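Subject: Structure handover

Hello,

Please find the structure below. My notes on it follow.

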Amino acid sequence: MLLYALLGACTPPDDSNTLTVVAHADLQSLDPIVTTVGIVQRHALMVYDVLFARDAQQRPQPQMIETWSMSEDGLVWSFRLREGLLFHDGQPVTARDVVASLRRWGARDPFGRQLLARTIDLAADSDNRFTWRLSEPYGLMLHALSKTGGPIPVIMPERLAQTDPSVPVREVVGSGPFMFSEEEWIPGSKVVYLRNPDYLPRSEPASGAAGGKVVHVDRVEWLNIRDAQSAVFALSGGEIDYLENPAVDFLPMLESAGMIVERKDPLGMQGMMRMNHLHPPFDDPRARRALLFVLDQGEILQAMFGNDSLVRECAAFFTCGSPLASTAGAPEGMGERPERARQLFAEAGYGGEPLVLLHPTDIQYVNIATLVFAQQLERIGVNVDLQAMDFGSMAARRSNRSPPEEGGWHLGMTYWPGGDVSDPVGNLPMHASCGDAWPGWPCDDEHQALIERFPAALMDEERLELSVEIQRSAYELVPYVPMGQWYLPVAYSPRLEGVLEVPGTVVFWNISKSPTAMP
C-alpha cells in the first residue's frame, strides 16, 4: 500500500472495523502501578476503569462511582459504585476490589502516599460501598482519583491488587472499555485490544477522559513503527488510521495528503533533564545548578522541532499555561552563562570524569534534544559519555542506583504531560523524598515538607502562594532542569470521527471509522 501513498493514488476501501494506531512508544510492560512510563498509563486507560475522570475542562467527574459525599469537616468520604460493573473475567467489581486497588496505588503514587499517610481507615461497607476516613482534610481527593498520568489509580480485582506494589501483576484483568489480547501481544511489534462487550458506558457525552466511554470499533491495534517516514507513509497510504507524534518535517506532506493534523493537548509536554542525585558530581547542588546556566532551551527546542508554533520556552516547574505557572526563583541568564556553569562545576569538584548521558534514539525529538544538550555540555569542557538505547531501555536503566561506572547513570532526558506536572503533588520528578523519590532520587526534607503541605491548602490563593514558595525551593535544590514545552499534534485519517481532546494522553473510545476510501 505504500505505493499508493507515494503515487498519490486512491487507496482501496478498508471495510474492517479495526482502528490501527502507531503510538509514541513501544509497550514493553503492563502494570501502571510499578512504572510512570506514559505508554503504560495509556494502556491502563484502555483496559482498566477508574473511579473519577477529568473532563475537557480538567474537572473531576464520576466514572465508576454513582454517588459520593464528604462530611462537613472533610474527614469522611463515602462512595457508592455504579451497578453492573464487571471485570473482563466476568466477576463483578466490588468495593473490596476498589479498596485493595487504592491501597496498592497509594503505595507508589505521590497523591496516594499523602492520602494513606492521612488515612485512619479505608474499608468496604458492602459490595458496592466504601468509606475513606482521614485524620485531616485532603483538598485534592477527587483531583488525585481522576489523574491520567502515572501511576493511575486503576481498579483491578482484589486478588491482583494484593500483589506487592513493587512487583508487576501477572495478569491484565480490568473492567474498562477494551480487553487486552495477551495472546496477540508481540513486544516490539504489536499490541491488540478488543472491544469489551460487557462494558456499560456512562450516559453523559464523552468529554476529555470522562463521560461515556462508547467503543465503536471491534479492535484497536498498536503497531510499533519507529521509523518516522515509514509511519507517515503508512498513514498516507491507508495502512494505519492514527499516528501519534508525527515527525514535524512530514506535517505538510500529511496535510496535502488529506490527513487531519490537530493539536489535542493544550498544556503539551514538559521536557526535563534529570540528573542522578546519588553520585558525584550531581550529589552536589552546585553541579546541578550549573546545568541551569548551560542548558539552552531555545537552541534545543529549535533543533527538536524547527517550528515556533509547536514550542514554548518555559522556566515554570508547574507548566506554562497552568494556574500555578510562575517564574519565581528562576536565576537570570538561564542557558546563557557558560562561565558561571564552569565555575559551579569546578566548585562541585568535577575534574573532567566521563558523565554518562542516557541517549534514547527511537523517539526522534528526544534523540535530537539529547545530542544538542551533549554539545552544550562539551562546549564548557564536560566529558560526555553518550550511551545509546531505546526509550524503554532507558526507563529501565534509570532505576539502577549503582554508580555510573557500574551500570548506573548521571543524566537523562525525559518528558511528562504538562497537566500531570502542573501542581506540586503531581509533579513527581520534583519530589525530594530520598529513596522513595522518582529515579534520580532527590533528597531534601525541607523541600518535601513544603510539598506535603500543599493538599491542606483549601483556597486557590493559598495554593498559589505555596506553589511559589515550592518553586523557589526547587530552584535551590534543582531536582531537574526544565527543558521547555512542546505541543505535538496527532495525525489521523479523515475516515475517523469522534477523536477526543484529552490533556496529557490519548484515548480511543468514542472514535468511529468509516470504510469509505480516501480520495
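Which residue is the bridge partner of methionine 273 in β20? The partner is valine 481. Before going further, please note that this is a predicted model.

The sheet

That pair belongs to the contact between strand β15 (residues 269-275) and strand β20 (residues 480-486), which run antiparallel and are joined by 5 bridges. Both strands sit in an open sheet of 6 strands with mixed pairing, in the order β16-β20-β15-β19-β17-β18. The edges are held by β16 (311-312) and β18 (384-389); each has a single partner strand, so one side of each is left without a neighbour in the sheet.

Strand β17 (residues 355-360) pairs with two strands of the sheet. With β18 the pairing is parallel and runs over 6 bridges; here histidine 359 stands opposite alanine 388. With strand β19 (residues 411-417) the pairing is also parallel, over 2 bridges, and leucine 358 stands opposite glycine 412. The connection from β17 to β18 includes helix α12 (residues 364-379), and the three elements make a right-handed β-α-β unit.

Is β17 buried or exposed? The strand is mostly covered, with 6 of its 6 residues buried. This holds for both faces: Leu355, Leu357 and His359 are buried on one side, and Val356, Leu358 and Pro360 are buried on the other. His359 and Leu358, the residues named above for their partners in β18 and β19, thus lie on opposite faces of β17.

Disulfides

The count comes to 2 disulfides. With bonded cysteines counted along the chain, the pattern is 1-2, 3-4.

- Cysteine 314 and cysteine 320: the sulfur atoms are 2.1 Å apart. The link is right-handed, with 95° about the S-S bond. Both cysteine 314 and cysteine 320 are buried.
- Cysteine 434 and cysteine 443: the S to S distance is 2.0 Å. The torsion about the S-S bond is about 70°, so this disulfide is right-handed. Cysteine 443 has 47% relative accessibility and therefore counts as partly exposed.

Pockets

The largest pocket has a volume of about 780 Å³. Its lining is made up of 34 residues, and those nearest the centre are Val34, Thr35, Thr36, Arg108 and Ala395. Two elements, α2 (38-47) and α13 (391-397), give two or more residues to this lining. Of these, α13 gives the most, with 4 residues. By class, the lining of the largest pocket has 16 nonpolar, 9 polar and 9 charged residues.

The second largest pocket holds about 590 Å³ of space. It is lined by 20 residues, with His143, Pro323, Leu324, Ser422 and Asp423 nearest the centre. Which elements each supply at least two residues of this lining? They are α5 (141-145) and α15 (460-477), and α15 gives the most, with 3 residues. The lining of the second largest pocket divides into 8 nonpolar, 8 polar and 4 charged residues.

A place to start

To find your way around the model, begin at β17, which has β18 as a parallel partner and β19 as another. From there, follow the strand order out to the edge strands β16 and β18. The two disulfides and the two pockets can then be located from the residues listed above.

Regards

Methods. Residues numbered from 1 in each chain as written. Predicted model: local features only at pLDDT ≥ 70, side-chain atom pairs only at ≥ 80, totals over all residues. Heavy atoms only, no water. 1 Å grid on protein atoms, 1.4 Å probe; cavity = no way out; pocket = protein on both sides within 12 Å on 5 of 7 lines; lining within 4 Å. Points joined across faces, edges and corners; volume = space filled by probe spheres on them. Nonpolar A, V, L, I, M, F, W, Y, C, P; charged D, E, K, R; others polar. Pairing = 2+ DSSP bridges. Buried < 20%, exposed > 50% of the residue type's maximum accessible area, 1.4 Å probe, protein only. Right-handed = clockwise from strand over helix to strand, strands pointing away. Disulfide = S-S within 2.5 Å.
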